[in-house]
Amino acid sequence: MFAWVVDSQALTERFELYGKWWLDDEDRSVHGVLVYDPTEGVLLETVDARPLIPIAAESPSTIRGIVDGEGWTLGACHCVQMGNRCRYSVGYAIRGVLMDDRDLSELTELRLSLHEGRALTRTRPRLPESSGRMRSLTADLGDGWTLGLESTVEQLLTPREDELRLVDRLEFVVRSASPSDFYELVRRVYRPLLEIGAICAQQSVSVSHAAISGPGTQVVIDSGPNDELRQQLRCDLYWKLRPAPRRPVRDPEPLFRFPTDQEAFSSSLPRWFDVHAKLFVVFGLRQLDLSTEFAIAEPRLMVSAQAIEAVHRRVVPASKGRRPALRRRIEDLLELVHPQTGIVLGEHREWFVSEFVRARNTIVHWDVDQTHPPGLVMLALHRASTAIVDLVLLRELGFDDELDNLAQRIDGDRQARYWLDRAASASE
């Protein structure tokens with residue numbers, strides 16, 4: 001019999017592993033517990049008063065260890081507590097190999113599976129009899145970097161001998177032609193991928209599984225009299241992710257899909273990543289908003305106001321003289337996505353502009369004599385302003401010909417025009 005698994009959920013599961021850990025010399029090892037928590041990241045706590053790393057060390061260190069016969073490499077470690085027990089913050093943990101500092105600076109590949117990956121690409125897991133690689137798409141990002149989309153059916157080990165456990169893993173893969181460290185690989189793909197995916201899905205997206213590889217993840221699988229056979233492992237990777245990994249509350253209905261044919265993939269993804277490089281601040285603000293890590297009206301309205309100012313400075317050509325006021329910025333953006341603004345704002349364009357400026361100024365420059373904007377008004381202003389920012393981002397990503405349909409989709413999901421109607425009526 002077999003068990004069919006859609007995807008690995010490694011990054012959503014908390015674990016604690018007891019093992020032996022050392023810095024440079026295994027003979028001077030200590031015992032301790034490695035803890036991974038999806039919201040807190042990785043932590044090592046040793047049951048020995050001898051610190052592996054001085055608490056005031058200027059640079060991070062690499063700790064290696066053995067857990068149940070399996071090697072672990074902990075990168076970017078700092079000692080954060082000393083005493084009867086020592087605690088170490090861990091930047092990232094690599095499972096399955098023992099690597100040194102040089103190995104960690106020569107990584108070449110990072111693989112990411114997204115919880116929402118199937119929805120973003122409109123793909124389904126294959127049948128159990130499928131094997132090998134179904135899909136392999138590649139886009140050239142420039143400077144020796146490539147981004148791929150791969151789907152592979154893998155057989156996993158199970159404790160039951162009569163059970164065949166399969167996983168169809170859909171992965172985004174970033175590769176570097178030259179050796180890079182962990183943080184460079186993450187910077188090149190992790191943030192752009194998740195923030196573009198958040199605009200696509202209109203909700204935050206998160207990683208369910210990650211793996212990393214490079215020359216340092218090679219292991220000897222067979223040794224002969226004259227040579228040896230090596231295999232490069234793709235090692236499970238754990239680090240503190242934002243937003244925290246989680247199972248989606250609902251399957252998203254994306255505004256657009258990541259292409260699944262080679263021609264569209266190779267032309268669209270480089271443009272999307274270039275747009276993100278130009279507007280990364282705006283994408284970051286939208287990711288923060290969509291992550292719903294806060295639900296108070298005033299901070300959310302301020303985040304949307306910052307997004308409006310940030311996207312205006314980067315998209316609208318600079319004018320001579322003084323910087324335009326917030327009202328001018330909003331009106332410029334509304335012109336960029338005209339007539340789609342009519343779909344989102346309806347007949348309340350002037351009311352929206354005036355009330356948004358007033359609400360933002362009231363929050364920023366508040367004094368005891370000012371009237372605070374009602375909650376209904378801030379809700380309507382927030383939904384309408386984020387819809388405008390998203391339409392501008394979609395325009396920059398290359399969806400000019402589809403903006404009418406996308407505006408309908410955004411308004412149907414966010415109901416900005418409905419809430420504007422209610423807020424405007426209540427304000428009369």
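Here are four short exercises, each with a worked solution, on a model that is predicted.

**Exercise 1. Helix α9**

Work out how the reach of helix α9 relates to the expected value, and find which helices its buried residues pack against.

*Solution.* Start with the extent: α9 covers residues 349–364, which makes 16 residues. Next, compare the spans: from first C-alpha to last, α9 reaches 23 Å, close to the 22 Å expected at 1.5 Å a residue. Then look at burial: Trp 351, Phe 352, Val 353 and Glu 355 are among the buried residues of α9, and so is Arg 360. Finally, list the partners: the buried residues of α9 pack against α6 (297–315), α7 (326–336), α8 (340–345), α10 (375–397) and α12 (416–427).

**Exercise 2. Two residues in helices**

Decide whether Ser 385 and Arg 286 are buried or exposed, and name what each one touches.

*Solution.* Take Ser 385 to begin with; its place is in helix α10. Its relative accessibility is 0%, so Ser 385 counts as buried. Leaving aside neighbours within four places in sequence, Ser 385 contacts Ser 304, Ile 308, Phe 352 and Phe 356. Phe 352 and Phe 356 are themselves buried residues of α9.

Now move to Arg 286, which is found in helix α5 (residues 280–290). With a relative accessible area of 3%, Arg 286 is buried, because the cut-off is under 20%. Not counting residues up to four places away in sequence, Arg 286 touches Ile 199, Thr 386, Val 389, Asp 390, Leu 393 and Arg 414.

**Exercise 3. From a strand to the core**

Trace a path from strand β8 to Trp 239, using β12 on the way.

*Solution.* Begin at β8 (residues 107–114), where 7 of the 8 residues are buried. Then cross to β12 (residues 207–213): 6 bridges join the two strands, which run antiparallel. Within this pair, Leu 112 stands opposite Ala 210. Trp 239 touches both Leu 112 and Ala 210, and its other contacts include Tyr 36, Phe 182 and Tyr 190. To finish, place Trp 239 in the wider picture: along with Ile 63, Trp 239 has the most contacts inside the largest nonpolar core, a set of 119 residues. The largest share of this core, 13 residues, comes from α10.

**Exercise 4. Cysteines**

Explain why Cys 79 forms no bond with Cys 86.

*Solution.* First check the total: the structure holds 0 disulfides. Then consider the distance: the sulfur of Cys 79 lies 5.3 Å from that of Cys 86, its closest cysteine sulfur, which is too far for a bond because the cut-off is within 2.5 Å. As for burial, Cys 79 counts as buried at 6% relative accessibility, and Cys 77 is buried with a relative accessible area of 0%.

Notes. Residues numbered from 1 in each chain as written. Predicted model: local features only at pLDDT ≥ 70, side-chain atom pairs only at ≥ 80, totals over all residues. Heavy atoms only, no water. Helix = DSSP H or I, 4+ residues; strand = E, 2+ residues; numbered from the N terminus. Expected span 1.5 Å × (residues − 1). Buried < 20%, exposed > 50% of the residue type's maximum accessible area, 1.4 Å probe, protein only. Contact = heavy atoms within 4.5 Å. Pairing = 2+ DSSP bridges. Core = buried A, V, L, I, M, F, W, Y, C linked by side-chain atoms within 4.5 Å.
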